[in-house]
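User: I want to learn how structural labels are earned. Take me through them one at a time.

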Amino acid sequence: SRVHSIAAIAGDGIGQEVMPPAVAAVDACGRRHGFTVDWTHYDWGSQRYRETGYLMPEDGIEQLKRHDAILFGAVGAPDIPDTTTLWGLLMPMRRQFNQYVNLRPVRHIAGVPSPLADPAGIDIVVIRENVEGEYSEVGGRGGPDGDGYAVQASRFTRDGVTRVAAYAAELASRRSGTLTSATKSNGILHTMPFWDEHVARVAAGYPDLKLRSVLIDALAAALILRPRDFDVIVASNLFGDILSDLTAALVGSLGLAASANLNPERAFPSLFEPVHGSAPDIAGTGVANPAAMLYAAAMMLDHLGETDAGTALTEAVDATLRDGPRSRDLGGAASTAEVAAAVTDRLTRA
Ligand code: NAD
Ligand code: IPM
Ligand code: MN
């Protein structure tokens, strides 16, 4: 039967709590849909850093190359600077594996509480540029003791904007036919008119596609006021980061939002993870919502060509969110394990 080799990196905080449910759910899918997963678990993260001074071994990226995909929990710990943890694990994977598309879909599920009075029908995909833009490595501090100023360069390239815009235009064409581009080109930044030009050039290659460029500040408001006006949104690295936490909140919780860090050419493994972080405020209490991680696992199955299994897993999570049990972030009382068991039950019974 088909065998998929997966690197599982649970990482820190609730990453440790939502990974086992995802592994169990994927294995249940495998039994049902005729494939097996060859899991390799890596103990990389903050604990390893405390013990060895490194989040992953020197040849960590090399080790990951042989896998078909990476399933990742989260990284970040209150006692270690975020620059250390993020540049020690997550950022090298996204960059060295050239995962330039970060796909962040959300859908509202009937009955799930949202801060909006009427969240029904929200179905949005944020496509975040994932390797350049505002998250450039160019910059630093200066002045007396490096305390006088800080500079951060945003670096956008023609090829970088073109390829993510093309991915977004393709997806938008297959969905609603409308693509929204998040921008800030009203005269201050040098980078955003450049972004606009290249997104517009790419979109022009799709005669049936309607492109709307919306200023990021107004877009943030419009997403809350008129969420159903939006379908696929393409955004730069930082704008996409912020918008994807916002869209997660629209459908009820950060605990619902999954993310695929894709290398569309498949030259390197892609990475699947929740949008949320290690959530130190609830870590260790067993109440984290595993839905985001389970949806991420479903996106991974789709990517591996196990589309029936991916759909089954997505539907099992949807049904559990709709009919319960629900976790605390959604107003319920169920633990991570109880939500996860309900999903796996549905997968086995379906
Ligand atoms: P966070 O996403 O970890 O948490 C924000 C809030 O959402 C918290 O109140 C948390 O309890 C809640 N929340 C998040 N996921 C949840 C879930 N599955 N179920 C229920 N509630 C959930 O963001 P933060 O607190 O700003 O960051 C914490 C750490 O995680 C930091 O070190 C940060 O750098 C890191 N981080 C890592 C990633 C990643 O690994 N991809 C992403 C974001 C943040
Ligand atoms: C995310 C996270 C990361 C990002 C942080 C932890 C660097 O917020 O995956 O959304 O900004 O990309
Ligand atoms: Mn984020």
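User: What makes you say that strands E11 and E12 pair, and do they run parallel or antiparallel?

Analyst: This is a predicted model. Four bridges join E11 (residues 258–262) to E12. Pairing needs at least two bridges. So the strands count as paired. They run antiparallel. Within this pair, alanine 260 stands opposite phenylalanine 272.

User: What makes E3 a partner of E12, and which way do the two run?

Analyst: Three bridges join E3 (residues 69–74) to E12. Again, at least two are needed, so the two strands pair. Here the strands run parallel. Alanine 69 of the model faces E12 too: alanine 69 stands opposite serine 270.

User: Why is E12 called largely enclosed?

Analyst: Count its residues. Five of the five residues of E12 (residues 270–274) are buried, so the strand is largely enclosed by the rest of the structure. A residue earns the word "buried" when 20 or more other C-beta atoms lie within 10 Å of its own.

User: How do you know that both faces of E12 are covered?

Analyst: Look at each side. Ser270, Phe272 and Pro274 lie on one side, and they are buried. Leu271 and Glu273 lie on the other, and they are buried as well.

User: How do you know that the length of helix H10 agrees with what is expected?

Analyst: H10 covers residues 307–323, which is 17 residues. The rule is 1.5 Å times one less than the number of residues. That gives an expected span of 24 Å, and the end C-alpha atoms are 24 Å apart, so the two agree.

User: Which residues of H10 are buried, and what do they pack against?

Analyst: Among the buried ones are Ala309, Leu313, Val317 and Leu321. The buried residues of H10 pack against helices H1 (15–33), H9 (291–303) and H11 (336–349). After H10 comes glycine 324, with a positive phi near 85 degrees.

User: What surrounds ligand 2, and how does its shell divide by class?

Analyst: Leu86, Asp241, Val275 and Gly277 surround ligand 2. The shell has two nonpolar, one polar and one charged residues. Gly counts as polar here, so Gly277 is the polar one.

User: Which residues come nearest to ligand 1?

Analyst: Of the 20 residues around ligand 1, the nearest are Gly76, Gly255, His276, Gly277 and Asn289. By class, the shell has ten nonpolar, six polar and four charged residues.

User: How confident is the predictor in the chain and the complex?

Analyst: The mean pLDDT of the protein chain is 97, and 100% of its residues reach 70 or more. The complex gets an ipTM of 0.99 and a pTM of 0.98.

Notes:
Residues are numbered from 1 along each chain as its sequence is written. Chains are lettered from A and ligands numbered from 1 in the order in which they are written. This is a predicted model: local features need pLDDT of at least 70, side-chain atom pairs count only at pLDDT 80 or more; totals for chains, interfaces and linings use all residues. A residue is buried if 20 or more other C-beta atoms lie within 10 Å of its own, exposed if 12 or fewer, and partly exposed in between; C-beta atoms are placed from the backbone. pLDDT is the predictor's confidence in each residue, from 0 to 100. A residue is near a molecule or strand if its C-beta atom, placed from the backbone, lies within 6 Å of it. Two residues are in contact if their C-beta atoms, placed from the backbone, lie within 7 Å.
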